[in-house]
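Student: Could you take me through the reading of a model, feature by feature, giving the general idea before the particular case?

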Amino acid sequence: MAADLIAPSILSADFAKLGEEVDSVLAAGADIVHFDVMDNHYVPNLTIGPLVCEALRKHGVTAPIDVHLMVKPVDRIVPDFAKAGATYITFHPEASEHIDRTLQLIRNEGCKAGLVFNPATPLSVLDYVLDKCDMILLMSVNPGFGGQSFIPSALDKLRQVRKLIDASGLDIRLEVDGGVKADNIAQIKAAGADTFVSGSGIFGYGKAGDPNRYDSIIAEMRRALAGAGG
Ligand code: DX5
Ligand code: ZN
């Protein structure tokens, strides 16, 4: 199985010092930066766009940036994120009129493409577009906000998608997003995930101002992952 990747969601970072926050989690051993884009239309919240992605690149962030689009429509904004330095761009199938076209657009723009499934969204579209996906992201909360609790049915869904990916022989990451913490990450890995988004679980950990808190929490997650079956 692919190496485990820890992806802090900057939604829970201190936006007044975002560059520093991203530097700190990466220095603490995080692998990729999870970047939540919300439009107050597809989801009832409003966050950040391509300008902020570009600013992180200009700041010197070289780690992969994993752009999770919770926007509708999708296609108009894809080239902007590619230009801004996105590595992955994932979107919700409900938000695109032409899923196959959007996946191709993302790859044509030079990024890795992925689909995101809400807790109640069926996986059936994967029957037709698995070969156009570099990542499948399963939401373990309803999208829109950080700090919600992990929905346990995501574990069965993870097992299902893990089987699909393995049977396909394709190189596709299986990411999980929502309510991931040090105390459930092992269980989530055992169900088949290899990429772990955590917002409040990382940025909300410990006492703000403690320079070692991200090292401690990421080390704790790594220990839990190392001890997990999967
Ligand atoms: C929710 C976002 C998540 C969010 C996760 O719509 O997609 O990435 O930041 O936050 P936690 O880890 O706090 O559940
Ligand atoms: Zn996300």
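**Reading the model**

Tutor: Asp177 is buried, with a relative accessible area of 9%, where buried means under 20% relative accessible area, exposed over 50% and partly exposed in between, using a 1.4 Å probe and protein chains only. This is a predicted model, in which local features need pLDDT of at least 70 and side-chain atom pairs count only at pLDDT 80 or more, while totals for chains, interfaces and linings use all residues. Residues are numbered from 1 along each chain as its sequence is written, chains are lettered from A and ligands numbered from 1 in the order in which they are written, and side-chain values use heavy atoms, with hydrogens and water left out.

Student: Which protein atoms are the donors of the zinc ion (ligand 2)?

Tutor: Donors are N, O and S atoms within 2.8 Å of the metal (3.2 Å for Na, K and Ca), and sites may look incomplete since water is not among the atoms. For the zinc ion (ligand 2), the protein donors are His34 (NE2), Asp36 (OD), His68 (ND1) and Asp177 (OD), at 2.0 to 2.3 Å. Along the chain these donors have the spacing H-x1-D-x31-H-x108-D. Asp36 belongs to strand E2 and Asp177 to strand E7 (residues 173-177), so the pair ties together parts that are 141 residues apart in sequence; helices (H or I, at least four residues) and strands (E, at least two) are DSSP runs, numbered from the N terminus. Asp36, too, is buried, its relative accessible area being 4%.

Student: What geometry does the site of the zinc ion (ligand 2) have?

Tutor: Ideal angles at a metal are 90 or 180 degrees for six octahedral donors. Six donors count as octahedral if opposite donors are over 155 degrees apart and all others between 65 and 115. Here the angles among the six donor atoms are 70 to 169°, and the site is octahedral.

Student: How should I read the buried residues of a helix, and which are they in H2?

Tutor: An α-helix has 3.6 residues a turn, so residues three or four places apart point the same way. In helix H2 (residues 50-59), the buried residues are Pro50, Cys53 and Leu56. Seen down the axis of H2, they fall within an arc of 120°, so they line one face of the helix, the arc being that of the directions from the helix axis to the C-beta atoms. The face turned away from this buried side carries the exposed residues Leu51 and Lys58. Through contacts (heavy atoms within 4.5 Å), the buried residues of H2 pack against helix H1 (18-27), strand E2 (33-38), strand E3 (65-70) and helix H3 (78-83). After H2 comes Gly60, whose phi is positive, near 115°.

Student: And which residues of strand E1 point one way, and which the other?

Tutor: In a regular strand the side chains alternate between the two faces of the sheet. In strand E1 (residues 5-8), Leu5 and Ala7 point one way and Ile6 and Pro8 the other, and all are buried. Two strands pair if DSSP finds at least two bridges between them; E1 and strand E8 (residues 195-198) run parallel and are joined by four bridges, with Thr195 in E8 as the bridge partner of Leu5.

Student: Which residues touch the most other members of the largest nonpolar core?

Tutor: In soluble globular proteins, nonpolar side chains tend to be buried together. A nonpolar core is a set of buried Ala, Val, Leu, Ile, Met, Phe, Trp, Tyr and Cys residues joined through side-chain atoms within 4.5 Å. Of the 72 residues in the largest such core, Ile10, Phe35, Leu69, Phe81 and Ile136 touch the most other members. Its largest share, six residues, comes from helix H9 (residues 213-226).

Notes
Four donors count as tetrahedral if all angles lie between 85 and 135 degrees; four count as square planar and six as octahedral if opposite donors are over 155 degrees apart and all others between 65 and 115; anything else is irregular.
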